[in-house]
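Thanks for asking me to look this one over. Here are my notes, as numbered points, to read beside the model.

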Amino acid sequence: MSNVQIITGNSAAAYGAKLAKVQVVSAYPITPSTSVTETIANWVERGELKAEYVRVESEHSVMTVCISASTVGARVFTSTSSHGLLYMHEQLHWAAGSRLPIVMCCINRGVGAPWSIFNDQQDSISQRDTGWIQIYCRDNQEILDSVIQAYRIAEEVYCPIMVCYDGFVLSHTMMPVDIPDADQVCQFLPPYKPHTILCPEDPRNINPVIFPWQRRDAEGVLRDGYMDMRWKLQHALEESRDVIVRTSRDYAELFGREHGGLLWSYRTDDAEVLIAGMGSIATEATTAADLLREQGIRAGVVGVRVYRPFPRAEVREAFRKAPAIVVFEKNISYGYEGALCADIKAALYGTGIDAPVHNFIAGLGGRDVKAGELADAVRSSLTAITAGKREQQTWLNCVTE
Amino acid sequence: METKDDNLSAMCKPAVGEAGRTGDWRDATPVIDPTKCIASVKNRPACYLCWLYCPEGIVTAAVPVKIDLDYCKGCGICAEECPSKAITMVMHEEAVK
């Protein structure tokens, strides 16, 4: 029997954590993420969720609590946004380097200076290289489902996962969400088995100094050098693609919802132009594609759901027959281009796919992005492509002179 | 991940010398004058502020007090804290003589 409720993205995230039976939650409030852990704190206080809620003085400490709790075998959850995420930066590396399956929601918000509380994806994109898996959700149902899936993926590959979704656009927007049955979630999600068991009888020195080369420790065990451990993290993320796809498929079998594994597509089969994006802007692009098709332009959408590990093979397959590619994204790698656009182009290198790729930087700091504007942008790109312009970076609805 | 990898994350049993002989890092070496050290003068366990303050945990609270120079980094905190000024930090070259 389905249990559909009309809830915000932040409520959906909180339900995901509750259904995953998280044992330790630590958080520091920051807009627009606050209501996620506020909701969880409420459940903990009322005894509806048997978890330890740890109040701390900063996001840096939040991640430290998560790391410690995960190390001793607890399933942990947190959420943050923008400057909170950036304040965690150092500890994000520690979490990934310690191979801890922490799940965190990043409710995407712009980064200062100057202050903005509104949505873009500069915060999580700037944490791209910390060794975390990054999933970008396009609606509230996907947020709930992704949090549950994230625990199964993280605990299988021993890598932390950031479940990212757009601030306000999803976090504070109410949509119908089917809340899965708790017993069924238990069936889907086996208990967390930590890679190392800590106990007072068998003390461990965690994360000691690691030397450049392998060497035997004081007990005579051959230990990896620093670089070998870095390779293992890289390898784990590369290998996690299969786990992510399998988890998504298993979830669909049990709950009847498939969000596309690494990547999803919309009306791409006969498309003369493919629009790419991540998160809610990709959802908006599906409406734009419909508008364009009404106007006689065969447009389709490729949504990147998992940004790290980057779905190299799936991107190649999705754009194999694309005559033109237009990438919309809510971030900028200053001095170059949007991070997604750069990664898509890199994935196409050497494959013989030679489509022009246009990049639109859109919606920074909450600037509204409407489907009609996306459609207009795609039309302008197609005109420029016809005129021979293969590469182009445009800031949508922005005073650029 | 069926087979357990001991090197999945960096861990080891706590042991002396896990990070190598860190005494190599030392410039100045603590030298104890037994005619001033309170434990030695009284010939019984006493004072041991050097043992309490040593950040490396390499001072042995005995009579006489011993400092493990394999791991002493030469920070000089023991000399600073010693109430009877029994510890002198001498530059490495002189200590070797």
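1. A definition first: the expected span of a helix is 1.5 Å times one less than its number of residues. Helices (H or I, at least four residues) and strands (E, at least two) are DSSP runs, numbered from the N terminus. As for conventions, residues are numbered from 1 along each chain as its sequence is written, while chains are lettered from A and ligands numbered from 1 in the order in which they are written. Please keep in mind that this is a predicted model: local features need pLDDT of at least 70, side-chain atom pairs count only at pLDDT 80 or more, and totals for chains, interfaces and linings use all residues.

2. Helix H9 of chain A (residues 226-255) is a good place to apply that definition. Its 30 residues should span 44 Å at 1.5 Å a residue, and the end C-alpha atoms are 42 Å apart, which agrees. H9(A) does have a kink of about 35°, centred on A:Ser240; the bend at a residue is the angle between axes fitted to the seven residues ending there and the seven starting there. After H9(A) comes A:Gly256, with a positive phi near 75°.

3. Which residues of H9(A) are buried? They are A:Ala236, A:Ser240, A:Arg241, A:Ile244, A:Thr247, A:Ser248 and A:Tyr251. Here a residue is buried if 20 or more other C-beta atoms lie within 10 Å of its own, exposed if 12 or fewer, and partly exposed in between, with C-beta atoms placed from the backbone. The cover over these residues includes strand E6 (133-136), helix H7 (140-157), helix H8 (182-188) and strand E15 (306-308) of chain A.

4. E6 and E15 of chain A reappear in an open sheet of seven strands, ordered E3-E2-E4-E5-E7-E6-E15 with mixed pairing. Two strands pair if DSSP finds at least two bridges between them. E3 and E15 of chain A are the edge strands, each pairing on one side only. On average, neighbouring strands of this sheet are turned by 20° against each other, direction ignored. E6(A) and E7(A) run parallel over four bridges, and A:Ile133 is opposite A:Ile161 in E7(A).

5. Within that sheet, strand E2 of chain A (residues 24-27) is covered on both faces: A:Val24 and A:Ser26 are buried on one side, A:Val25 and A:Ala27 on the other. In a regular strand the side chains alternate between the two faces of the sheet. E2(A) is joined by four bridges to the parallel strand E3 of chain A (residues 52-55), where A:Arg55 stands opposite A:Ala27. Helix H2 of chain A (residues 34-45) lies across E2, E3, strand E4 (76-80) and strand E5 (103-108) of chain A, at about 135° to E2(A). For such angles, axes are lines fitted to C-alpha atoms, for helices over the stretch in contact, and the angles run from 0 to 180 degrees between N-to-C directions.

6. A:Leu170 is worth a click: it lies in the loop between strand E7 (161-166) and strand E8 (175-178) of chain A. A:Leu170 counts as buried because it has 28 C-beta neighbours inside 10 Å. Its C-alpha atom is separated by 5.1 Å from that of A:Gly9, 161 residues apart along the chain. Leaving out residues up to four places away in sequence, A:Leu170 touches residues including A:Gly9, A:Cys137, A:Ile143 and A:Tyr165; contact means C-beta atoms, placed from the backbone, within 7 Å.

7. Chain A also has an open sheet of six strands, in the order E12-E14-E13-E16-E17-E18 with mixed pairing. Strands E12 (263-266) and E18 (391-395) of chain A stand at the edges with a single partner strand each, so one side of each is left without a neighbour in the sheet. The twist averages 20° from one strand to the next. Helix H10 of chain A (residues 280-294) packs on this sheet, touching E12, E13, strand E14 (299-304) and E16 of chain A, with its direction at about 170° to that of E14(A).

8. Finally, chain B: four helices and five strands, running β-β-α-α-β-β-α-β-α from the N terminus. Of its 97 residues, 20% are buried. The contact between the chains takes 15 residues from chain B and 22 from chain A. Strand E9 of chain A (residues 205-206) and strand E1 of chain B (residues 11-12) pair in the antiparallel sense over two bridges, with B:Met11 as the bridge partner of A:Ile206.

Definitions and conventions
Two residues are in contact if their C-beta atoms, placed from the backbone, lie within 7 Å.
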